[in-house]
Amino acid sequence: VGESSCYIRALHGQVLTAWQRGDLGQAIQTGEHLLSANPIDHPGVRFLIPLLQLLAGQVDESQEYFFWYQKNYPNDIEDPGFQFAWALSLVDRDDEKAAAEKYRRGMIQNLYLAPLLLDIPEPAPDIWQHNDRGDIQYAADFLNSFGLIWERDAAAVRFLREVYTDSNALLEQLIVLRRKMAEFQDHRYEPKHREIWQQLIEQEQALIKVGT
């Protein structure tokens with residue numbers, strides 16, 4: 001177990017090093033080897049590979065990857081940047097309905113990602129989030145690493161803007177609710193704290209269901 005985990009960490013380090021060096025082909029190849037050696041994917045490289053492919057202009061390869069991913073990782077956690085990449089790949093296949101769904105899923109998971117890519121005002125950073133994939137730092141890091149994919153594709157940006165505009169009412173409701181959750185979550189002195197919190201969670205899940 002120790003030798004295997006060291007090997008996986010070493011491969012992950014090679015992926016990141018090749019990426020930072022600008023050798024996207026090597027980063028992708030090593031990432032694919034890592035997934036083959038460690039299908040459970042402890043480092044989470046499965047979310048990175050298609051973004052690197054899109055960054056390298058490998059649109060066809062990214063489409064093939066998403067087909068493979070859907071088959072091999074059903075019911076996986078939803079990474080917002082990955083959902084955005086999937087949406088972009090679907091737009092290139094002229095499947096705008098499926099692309100819009102992936103974009104909405106990504107927007108719900110991270111409320112900052114679309115505004116930063118579209119260069120419009122984003123929500124306040126102190127609203128409640130499920131995990132750090134939903135915070136503004138994740139979105140800023142994603143923009144720095146992969147914003148170029150959208151910057152060089154005006155049609156992709158237009159479609160993203162259309163989906164964001166169409167989803168704005170739902171997203172605003174989520175922002176208001178999550179701001180309320182952030183304000184309430186530490187009110188432990190409230191006798192019915194658990195009951196009220198559960199109601200807020202149920203309201204949020206109902207909104208998410210509408211959006212997806």
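In this predicted model, the largest pocket is lined by 16 residues, and those nearest its centre are Gly 44, Phe 47, Leu 48, Asp 79 and Tyr 138. Two elements, helix 1 (2-21) and helix 8 (136-151), give two or more residues to this lining. Helix 8 provides the largest share, with five residues. The pocket encloses about 390 Å³ of space, and its lining comprises 10 nonpolar, three polar and three charged residues.

Attention can now turn to the second largest pocket, with a volume of about 190 Å³. Its lining brings together Tyr 69, Gln 70, Tyr 73, Pro 74, Asn 75, Asp 76, Ile 77, Glu 78, Gln 83, Trp 86, Lys 102 and Arg 105. At least two lining residues come from each of helix 4 (59-72), helix 5 (80-92) and helix 6 (96-109). By class, five residues of this lining are nonpolar, three are polar and four are charged.

Helix 4 and helix 5, which both contribute to the second largest pocket, also pack against each other, at an angle of about 120° and with 10 Å between their axes. Because angles of 65 to 115 degrees count as roughly perpendicular and those over 145 as roughly antiparallel, this pair is classed as oblique. The crossing of helix 4 and helix 5 is left-handed. On the helix 4 side, the contact is made by Val 59, Ser 62, Gln 63, Tyr 65, Phe 66, Tyr 69 and Gln 70, while helix 5 offers Phe 82, Ala 85, Trp 86, Ser 89 and Asp 92. Seven of the residues in this contact are nonpolar, four are polar and one is charged. Tyr 69, Gln 70 and Trp 86, listed in this contact, appear in the lining of the second largest pocket as well.

Helix 5 packs with helix 8 too, here at an angle of about 20° and with axes 11 Å apart. The two helices are therefore roughly parallel, and they cross in a right-handed sense. Pro 80, Gly 81, Phe 82, Phe 84, Ala 85 and Leu 88 of helix 5 meet Tyr 138, Phe 142, Ile 149 and Trp 150 of helix 8. This contact has nine nonpolar residues and one polar residue, with no charged residues. Phe 82 and Ala 85 take part in this contact and are also among the residues through which helix 5 touches helix 4. Tyr 138, a helix 8 residue in the contact with helix 5, is one of those nearest the centre of the largest pocket.

A further packed pair is formed by helix 6 and helix 9 (residues 154-184), whose axes lie 9 Å apart at an angle of about 40°. The pair is therefore oblique, and the crossing is right-handed. From helix 6, the contact involves Glu 96, Ala 99, Ala 100, Tyr 103, Arg 104, Met 107 and Ile 108; from helix 9, it involves Ala 156, Phe 159, Leu 160, Val 163, Tyr 164, Ser 167, Leu 170, Leu 171, Leu 174 and Arg 178. The class count for this contact is 13 nonpolar, one polar and three charged residues.

Finally, the model holds one cavity of 30 Å³ or more. The largest cavity has a volume of about 40 Å³ and is lined by Ile 108, Gln 109, Gln 129, His 130, Asn 131, Arg 133, Gly 134 and Arg 178. This lining has one nonpolar, five polar and two charged residues. Ile 108 and Arg 178 of the cavity lining also belong to the contact of helix 6 with helix 9.

Definitions and conventions:
Residues are numbered from 1 along each chain as its sequence is written. This is a predicted model: local features need pLDDT of at least 70, side-chain atom pairs count only at pLDDT 80 or more; totals for chains, interfaces and linings use all residues. Side-chain values use heavy atoms; hydrogens and water are left out. On a 1 Å grid over the protein atoms alone, a cavity is a set of points where a 1.4 Å probe fits but cannot get out, and a pocket is an open set with protein on both sides within 12 Å along at least five of seven lines; lining residues have an atom within 4 Å of a point. Grid points are joined across faces, edges and corners, and a volume is the space filled by probe spheres set on the points. Helices (H or I, at least four residues) and strands (E, at least two) are DSSP runs, numbered from the N terminus. Ala, Val, Leu, Ile, Met, Phe, Trp, Tyr, Cys and Pro count as nonpolar, Asp, Glu, Lys and Arg as charged, and the others, Gly among them, as polar. Axes are lines fitted to C-alpha atoms, for helices over the stretch in contact, and angles run from 0 to 180 degrees between N-to-C directions. Angles under 35 degrees count as roughly parallel, over 145 as roughly antiparallel, 65 to 115 as roughly perpendicular and the rest as oblique. A crossing is left-handed if the near helix is turned anticlockwise from the far one by less than a right angle, and right-handed if clockwise. Contact means heavy atoms within 4.5 Å.
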